[in-house]
Amino acid sequence: MSATVSSAEAAGRAAMVLAAITRGAVQVADHRPWQHFVVDEAGWRRAGEALRDRYVVLLGYWGETAAVSLAIADDAMLQVLVVTFECERGSFPSIAALHPPAARLERTIGDLHGLVAEGALDPRPWLDHGRWRRPGPTSRGQVGDARAPYPFLAAEGESLHQIPVGPVHAGIIEPGHFRFTASGETVVRLEERLGYVHKGIERLMQGATPEHAARLAGRVSGDSTVAYATAFARAVEAALDVPVPAAAHRLRGVMAELERIANHLGDFGAVCNDAAFALMHALCGTLREQVLRCARRCFGHRLMMDMVVPGGVAAPLAAEGIADIRRLLAEVRDRLPALIDLYDNRTSLQDRTVGTGILRPEYAALFACGGVVARASGRDVDVRRRPGYPPYDGLSFEVPVRHEGDVDARVRVRIAEVQQSLSLIDQLLEGCSGGPVRVELPQPGAVREGMAMVEGFRGDILVWVRLAADGTIERCHPRDPSWFQWPLLEVVIEGNIVADFPLCNKSFNCSYSGHDL
Amino acid sequence: MRKIILDSLFGRPLTEPAPAIDEAALAELARGVDRAAHRRLGRSLAIREVDAGSCNGCELEIHALGNPFYDLERFGIRFVASPRHADVLMVTGPVTTNMQEALVRTWNATPDPKWVVAVGDCAFDGGLFAGSYAVAGGVSAVVPVDLHIRGCPPAPVHLLQGLLALLSVGTGG
């Protein structure tokens, strides 16, 4: 899409493209809130071409026993569509061959479901390291061979050397393997190998009740437990078309923003700590701890796990809780300016963050990534605003966007988002009143599907779910924002020195667990 | 920055008194731990953390042990970057089959005497992920465990209680 095209023209063109993809396709009856079509091979290819030509962006890409599905939208996130291709011969035309950002998701479909992507450029497994006790969610797959070497992409040249890092890292972080090729201090190529924390969550969800599956969803990535539980609950509620009380939406919003504040504060301190500025780490750690303690007092759990349930929230917020959160907001507001000042006035710190790990806007756009990573590289996206969902549709907030794309920009977007979250919680508490916070889920009586997107602190989380007639989960796919951010980390480190990798990595703070499932 | 330093110097410290030692943890440790080996450590423990498939919730709370409220290092307990420097492996997660070999290799790289602390409900028996095709089902299925600290995730104060129990067994309380 060229930059000269106006947004109205782009939306019109996307609508035409989406209509072309679904031409002659069969609409799935019970899929909410967006439309879902089963397309033929030509329609599937048109979807891939629309991604290649940048008329639409990729939101999700997942498989089942004998089908693959794509969630796509226009760039403005106003027209969302799910298309499914039924793989009658156990294979499907590769989308990644047309649109490389789909590659890791497509390799995962092969690992988990044994479906073959025809014409794929990268046939290597991704999450499957050949060590599973039996194949993935469906029986067609075969366990790979653990002894087979994993061929890393080549980097050739004089005096290049490789630095293998992980899966066990030096810090208290999640496991993953990074293969650096360096020329002296400068990184020539980074290739990630992930999948070490694959727990088989999608399979564990199959046949589970929505209540049990919600607990699993809340542990896809523990730091985003509120956002995941909300995305899952919203997908189930969409499938069942069940309205949730306004008070529950508000409390979900309060918890989601507390989670955002806690994580952004942690990341702010951690980025500075990786530049050996430990004072900021201690100060941010103190504030973060106060947020978690407040969450414990108000909601019964420091990370607020299992507080968001399908149908609402687990418990109401007591009147003293409202006062407690207000005191916390005042404390954070009181302390934050000194931290920002401290960051602004340390040239030794800025020397490490400014100009380091630049993500060029065209890459952010190509991968249609979300979250801080996108917004620090000029990509003005936030699913709280568009497509939007309650309680945010009635609140006023800004989406901070910067254009530098470096570590510094990602730090500053986080700080600005903390300030927005403080204001959002203010607004949410203002309207907090009594009333029910949970409704019973009705029995579906037939197969029903739902999808939801929720803005976690890391970016947009997508959950797609199909409920069986008895109300249990037939298939669920949670897609972490990290899927579209991890590959970009490989891009930004190129040309930086090895010693700046921790800063780049921390400023992205992708989830291993969320990605590996 | 001057103001922050002055405030820190003259303000009341945030660090809280040590929590009581967890009796259940003491009982579990007393069964399997060699007191003589512990005495050699004095009151210093070097911990290597290994995430063997956690959702990262446990890591967040282990991280919190370093914040000024809990200040783990005042007890002589610190996290180290290599298993070769460690006395204790602190393992989280249900042990995914993809991490199983890495965990065993890390355990082999840790010099004797060594102890393994399994943190979280998944590290205990696989927790919510038990039975999955991709999970070994708890740390003790893969390496011997000396102490379990339960919780999803355990709060920092519970982690602290367990670690203090590990120190106190060695020094006779």
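A residue is buried if 20 or more other C-beta atoms lie within 10 Å of its own, exposed if 12 or fewer, and partly exposed in between, with C-beta atoms placed from the backbone. The model is predicted: local features need pLDDT of at least 70, side-chain atom pairs count only at pLDDT 80 or more, and totals for chains, interfaces and linings use all residues. Residues are numbered from 1 along each chain as its sequence is written, while chains are lettered from A and ligands numbered from 1 in the order in which they are written.

**Exercise 1. Find the two sides of helix α1 of chain A.**

Step 1. Take the exposed residues. They are A:Ala8, A:Glu9, A:Met16 and A:Ala19.

Step 2. Take the buried residues of α1(A). They are A:Ala14, A:Val17, A:Leu18 and A:Ile21.

Step 3. Check the arc, taken from the directions from the helix axis to the C-beta atoms. The buried residues cover only 100 degrees around the axis, so they sit on the same side of α1(A). The exposed four are on the other side.

Step 4. Recall the general rule. An α-helix has 3.6 residues a turn, so residues three or four places apart point the same way.

Step 5. Look for the cover. β3 (35-39), α2 (41-52) and β6 of chain A are among the elements over the buried residues of α1(A). Helices (H or I, at least four residues) and strands (E, at least two) are DSSP runs, numbered from the N terminus.

**Exercise 2. Check the span of α1 (residues 7-21) of chain A.**

Step 1. The expected span is 1.5 Å times one less than the number of residues.

Step 2. For the 15 residues of α1(A), that gives 21 Å.

Step 3. The end C-alpha atoms of α1(A) are 21 Å apart, which agrees.

**Exercise 3. Describe how domain 1 of chain A meets domain 2 of chain A.**

Step 1. Set the bounds, which come from an automatic or database domain assignment. Domain 1 is 7-118 and domain 2 is 202-481.

Step 2. Count contacts (C-beta atoms, placed from the backbone, within 7 Å). Here 20 residues of domain 1 touch 21 residues of domain 2.

Step 3. Name the main supplier. β4(A) gives the largest share of the domain 1 side, five residues.

**Exercise 4. Decide whether B:Gln161 is buried or exposed.**

Step 1. Place the residue. B:Gln161 lies in α7 (residues 156-170) of chain B.

Step 2. Count its surroundings. B:Gln161 has 21 other C-beta atoms within 10 Å, so it is buried.

Step 3. List partners more than four places away in sequence. B:Gln161 touches B:Pro19, B:Ala20, B:Ile21, B:Asp22 and B:Ala25.

Definitions and conventions. Contact = placed C-beta atoms within 7 Å.
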